[in-house]
Amino acid sequence: MKSIASEMAGILLDLKVAVGDQVQAGQEVAVIESMTMHLPLNSPEGGVVRAIHAQPGQFVNAGDLIVELE
């Protein structure tokens, strides 16, 4: 399983992918707001979105799983 996790604690502002979407390495998949900064969350590798584990508006901690790829 490939996964994309939050790098910092904050609020998930925007989710830019849906289940079934194809993503490329380096593609922005989400935006997290932490300490009033907007931080893009990029996919480290390509794949297909298998599951989404957080929704916009939700607080996430560093290391929390956001998107699962296959």
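## The β1-β8-β6-β3 sheet

Let's start with one of the sheets in this predicted model. Strands β1, β8, β6 and β3 line up in that order as an open sheet of four, with antiparallel pairing. At its edges stand β1 (2-5) and β3 (22-23); each has a single partner strand, so one side of each is left without a neighbour in the sheet.

Two of the pairings in this sheet can be followed residue by residue. β6 and β8 (residues 65-69) are antiparallel and share three bridges, and here Ala51 stands opposite Glu68 in β8. On the β3 side, two bridges connect β3 with β6, again in the antiparallel sense. Gln22 has Val48 in β6 as its bridge partner.

## The β5-β4-β2-β7 sheet

Another four strands make an open sheet, this time in the order β5-β4-β2-β7, and its pairing is antiparallel. The edge strands are β5 and β7 (59-60), each with a single partner strand, so one side of each has no neighbour in the sheet.

Strand β4 (residues 28-34) runs antiparallel to β5, and six bridges hold the pairing together in the bridge count. If you would like a place to look, try Glu28: its bridge partner in β5 is Asn42. As a reminder for reading either sheet, side chains in a regular strand alternate between the two faces of the sheet.

## Ser43, a buried loop residue

Now for a residue outside the strands. Ser43 sits in the loop between β5 (37-42) and β6 (47-52). Is this loop residue, Ser43, buried or exposed? Ser43 is buried: its relative accessible area is 2%, and the cut-off for burial is under 20%.

Which residues does Ser43 touch, once neighbours within four places in sequence are set aside? Its contacts are Ile4, Val23, Gln24, Ala25, Gly26, Gln27, Val29 and Leu69.

## A nonpolar patch at the surface

The surface has a feature worth a look too. Met8, Met35 and Met37 together form a nonpolar patch there, with about 300 Å² of accessible area between them.

One member of the patch, Met37, belongs to strand β5. Its relative accessibility is 39%, so Met37 counts as partly exposed. The strand that carries Met37 is also one of the edge strands of its sheet.

## The chain as a whole

Stepping back, the protein chain has eight strands and zero helices. Along the sequence this gives the pattern β-β-β-β-β-β-β-β. The radius of gyration is 11 Å, close to the 11 Å that the globule rule gives for 70 residues, so the chain is as compact as a globular protein of that length. Along the principal axes, the C-alpha atoms fill a box of roughly 30 × 20 × 15 Å.

Of the 70 residues, 33% are buried. Looking at contacts between residues at least 6 apart in sequence, 55% join residues at least 24 apart. The chain exposes about 3800 Å², and carbon and sulfur atoms supply 51% of that area.

Definitions and conventions. Residues numbered from 1 in each chain as written. Predicted model: local features only at pLDDT ≥ 70, side-chain atom pairs only at ≥ 80, totals over all residues. Heavy atoms only, no water. Buried < 20%, exposed > 50% of the residue type's maximum accessible area, 1.4 Å probe, protein only. Contact = heavy atoms within 4.5 Å. Pairing = 2+ DSSP bridges. Patch = residues over 30% accessible without salt bridge, like charges linked within 9 Å, V, L, I, M, F, W, Y side chains within 5 Å. Areas by Shrake-Rupley, 256 points an atom, 1.4 Å probe, with all protein chains shown as cover. Salt bridge = Lys/Arg side-chain N within 4 Å of Asp/Glu carboxyl O. Rg over C-alpha atoms; globule rule 2.2 N^0.38 Å.
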